[in-house]
Amino acid sequence: MRILVINGPNLNLLGEREPGVYGAGTYAELTAGITAFSKEIEVLADCVQHNGEGEIIGCLHAAKGEYDGVVINPGAYTHYSYAIRDAIAAVGLPAVEVHISNVAKREDFRRISVTAPVCLGQISGLGFYGYHAAIRYLKGVAHRD
Ligand code: DQA
């Protein structure tokens with residue numbers, strides 16, 4: 001079973017970016033943790049990070065037929081990218097949206113997710129663990145024929 005983990009804009013700056021909000025862990029540490037956890041539960045997880053909307057959409061298109069599920073943290077695109085929302089819907093892969101911070105506790109604009117309605121669900125505020133929970137969940141729902 002293969003899962004694609006997509007991180008959006010500014011998540012490459014984890015560790016140095018607002019550590020009070022996102023924690024001290026770096027993007028490299030995030031992906032190392034995802035790889036180790038996935039291995040434990042016999043899932044193959046590939047991690048990608050892109051700052052551009054078009055690159056994220058390209059990744060989603062390419063995931064069709066290659067992966068059994070998607071974990072996506074669209075970063076700020078969460079709040080306004082109808083294009084990413086449409087791409088998630090178009091490929092039809094089971095997807096879980098993850099946010100490291102608790103978006104419900106922050107500015108009002110972060111409470112709106114235009115992408116969550118086309119995902120199975122949203123995990124927010126559990127730090128890096130949210131990605132593990134999403135992968136664990138997808139393992140239960142997505143099966144390759
Ligand atoms: C984020 C929350 C978004 O509102 C923000 O724009 C991000 C990160 C999170 O993981 O908590 O870039 O998606």
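**Figure 1. Helix α3 and the glycine that follows it.** In this predicted model, helix α3 is followed by G65, a residue whose phi is positive, near 85 degrees. Helix α3 itself comprises residues 53-63, and I56, I57, C59, L60 and A63 are its buried residues. These residues cover an arc of only 155 degrees around the axis, which puts them on the same side of α3. On the other side of the helix, G54 and A62 are exposed. The buried residues of α3 pack against three strands, β1 (2-7), β2 (44-49) and β3 (69-73), and against helix α4 (82-91).

**Figure 2. E53 in helix α3.** The view is centred on E53, which is found in helix α3. Is E53 buried or partly exposed? With a relative accessible area of 27%, E53 is partly exposed, because the buried class requires a value under 20% and the exposed class a value over 50%. Leaving aside residues up to four places away in sequence, E53 touches Y77, S81, A83 and I84. The C-alpha atoms of E53 and G65 are separated by 21 Å, and the two residues stand 12 residues apart along the chain.

**Figure 3. Helix α4 and its two faces.** The buried residues I84, A87, I88 and V91 belong to α4. Seen down the axis of α4, these buried residues fall within an arc of 100 degrees, so they line one face of the helix. The face turned away from this buried side carries Y82 and A90, which are exposed. Which elements are included in what covers the buried residues of α4? Among them are helix α3 and the strands β3 and β4. After α4 comes G92, whose phi is positive, near 70 degrees.

**Figure 4. The largest nonpolar core and a second core.** In soluble globular proteins, nonpolar side chains tend to be buried together. The largest nonpolar core of this model has 21 residues, of which I3, V5, I34, V71, V98, Y131 and I135 touch the most other members. The elements that give two or more residues to this core are the strands β1 and β4 (95-99) and the helices α2 (27-40) and α5. A second core, separate from this one, has 18 residues and includes I57, A63, I84 and A95. Two of these residues, I57 and A63, are among the buried residues of α3, and I84 is one of the buried residues of α4.

**Figure 5. The surroundings of I135.** Which residues does I135 touch, if residues up to four places away in sequence are not counted? The contacts of I135 are I3, V5, I34, F37, S38, I41, V43 and V71. Among these, I3, V5, I34 and V71 are listed with I135 as the members of the largest nonpolar core that touch the most other members.

**Figure 6. A salt bridge between strands β1 and β2.** How many salt bridges does a search of the whole structure find? The search finds four. In one of them, the side chains of D46 and R2 meet, with an N to O distance of 3.0 Å. D46 lies in strand β2 and R2 in strand β1, so the pair ties together parts that are 44 residues apart in sequence. D46 counts as partly exposed, at 24% relative accessibility. R2 is also partly exposed, with a relative accessible area of 28%.

**Figure 7. A network of salt bridges.** The residues R106, E107 and R110 are linked in a network of salt bridges. Between R106 and E107, the closest N and O atoms are 3.9 Å apart. Between E107 and R110, the N to O distance is 2.6 Å. E107 is partly exposed, with a relative accessible area of 37%. R106 is buried, with a relative accessible area of 17%, and R110 counts as buried at 15% relative accessibility. Both arginines are placed in the buried class because the limit for that class is under 20% relative accessible area.

**Figure 8. A nonpolar patch on the surface.** Together, L120, Y137 and V141 form a nonpolar patch with about 290 Å² of accessible area. V141 is found in helix α5, which comprises residues 129-141. With a relative accessible area of 41%, V141 is partly exposed.

Conventions: Residues numbered from 1 in each chain as written. Predicted model: local features only at pLDDT ≥ 70, side-chain atom pairs only at ≥ 80, totals over all residues. Heavy atoms only, no water. Patch = residues over 30% accessible without salt bridge, like charges linked within 9 Å, V, L, I, M, F, W, Y side chains within 5 Å. Areas by Shrake-Rupley, 256 points an atom, 1.4 Å probe, with all protein chains shown as cover. Helix = DSSP H or I, 4+ residues; strand = E, 2+ residues; numbered from the N terminus. Buried < 20%, exposed > 50% of the residue type's maximum accessible area, 1.4 Å probe, protein only. Arc of directions from axis to C-beta. Contact = heavy atoms within 4.5 Å. Core = buried A, V, L, I, M, F, W, Y, C linked by side-chain atoms within 4.5 Å.
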